[in-house]
Amino acid sequence: MPPRNPDLAREQSHHPREFADFVYTYPVVSRRSGGVSIGVNLNLDKFCNFDCPYCQVDRTVPKPKQAISVSAIRAELEKLLAAFDANGICGLERFAAIAAADKRLRDIAVSGDGEPTMAPEFGPVCEMLAALQSSRPELDFQLILITNSTLLDRGNVLAGISHLLSRKGEVWAKLDAGTEEWYQRVNISRVGLDRIEANLIRLGQDHPYKIQSLFCGLDGVLPPAGEQDAYLGRLRRIKDSGSDIREVQLHTLARKPAQASCTPVTLGLLQDLRGRIETEIGIPARVYGIET
Ligand code: SF4
């Protein structure tokens, strides 16, 4: 459904990670969240163990490694939460032109300029977020982890996720490919795709989760024939292992990617894939198109 007004459309298509003089956190109006999502950036140095050509993080301008302060993150979040009224409506000046119904607080999302689970402070941050959520039950927001799925086999990461999901939360885990060949073009990582699949199976032993999959063209070439079948095969194996996959979120490029060779796929391609996921694998799927 198209955004209702230009201000909303602009906010939903442009997600700056800078807010005021804050270091770690930033509020955005998110189409996928259905309201305001507060991002927590644990990768100030922009470090990631993927090198996705569609990534929107500009790594041509390096940033030094910076310590993560859990107490400073909490202080920023407390300030942001103070901007929401008793009904959870955001009163920040920046969103003044957005209708109240579109700027209700929905979630705090651990994501940022790289893979958040790589941060040594990931576990303590999750613990702090769970405590913060418990202290503000009237705001009724979720805690979300957006992850590329590479480190879901680590004990400290799984412990952090348990904190995040202890009250009300979700994991959105990336799976962008079915074949190792396409994966190494669209994600580029030393972590193999089989390990991603194994990690999702491991996560599913303890927690339900959602899968996020981005499809795009590269150098004018769409995902090759057989790629969709291989992708569906991985989904089937993950589901058959007992994972409770609540939804597969299908999307394509939302904003300007790091590499111009990367192009969006059509909504028709995503809709066809959605139908196959639902009928052949039996997992609910949703197309998010070109906006997130
Ligand atoms: S996993 Fe996310 S942050 Fe890392 S390179 Fe890919 S899109 Fe960028």
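Where is aspartate 140 found, in terms of the helix and the strand on either side? In this predicted model, aspartate 140 sits in the loop that runs between helix 3, residues 122-135, and strand 4, residues 142-147. Its backbone deserves a moment, since aspartate 140 has a positive phi of about 50° although it is not a glycine. Aspartate 140 is exposed, because it has 12 other C-beta atoms within 10 Å and the cut-off for exposed is 12 or fewer.

A second aspartate can be described along the same lines. Aspartate 219 is in the loop between strand 7, residues 216-218, and helix 7, residues 227-240, and its phi, near 55°, is a positive value in a residue other than glycine. Aspartate 219 counts as exposed because it has 10 C-beta neighbours inside 10 Å.

Let me turn to the sheet, which is open, has 8 strands in the order 1-2-3-4-5-6-8-10, and shows mixed pairing. Its edge strands are strand 1, residues 25-30, and strand 10, residues 285-287, each of which pairs on one side only, and from one strand to the next the twist averages 25°. Within this order, strand 5, residues 169-174, runs parallel to strand 6, residues 209-214, and 3 bridges join them; lysine 174, for instance, has glutamine 212 in strand 6 as its bridge partner.

Finally, the helices that lie across strands. Helix 2, residues 70-81, lies across strand 1, strand 2 and strand 3, and runs at about 45° to strand 1, while helix 3, which precedes the loop holding aspartate 140, lies across strand 2, strand 3 and strand 4 and runs at about 155° to strand 4.

Key:
Residues numbered from 1 in each chain as written. Predicted model: local features only at pLDDT ≥ 70, side-chain atom pairs only at ≥ 80, totals over all residues. Helix = DSSP H or I, 4+ residues; strand = E, 2+ residues; numbered from the N terminus. Buried ≥ 20, exposed ≤ 12 C-beta atoms within 10 Å, placed from the backbone. Pairing = 2+ DSSP bridges. Axes fitted to C-alpha atoms, helices over the stretch in contact; angles between N-to-C directions. Contact = placed C-beta atoms within 7 Å.
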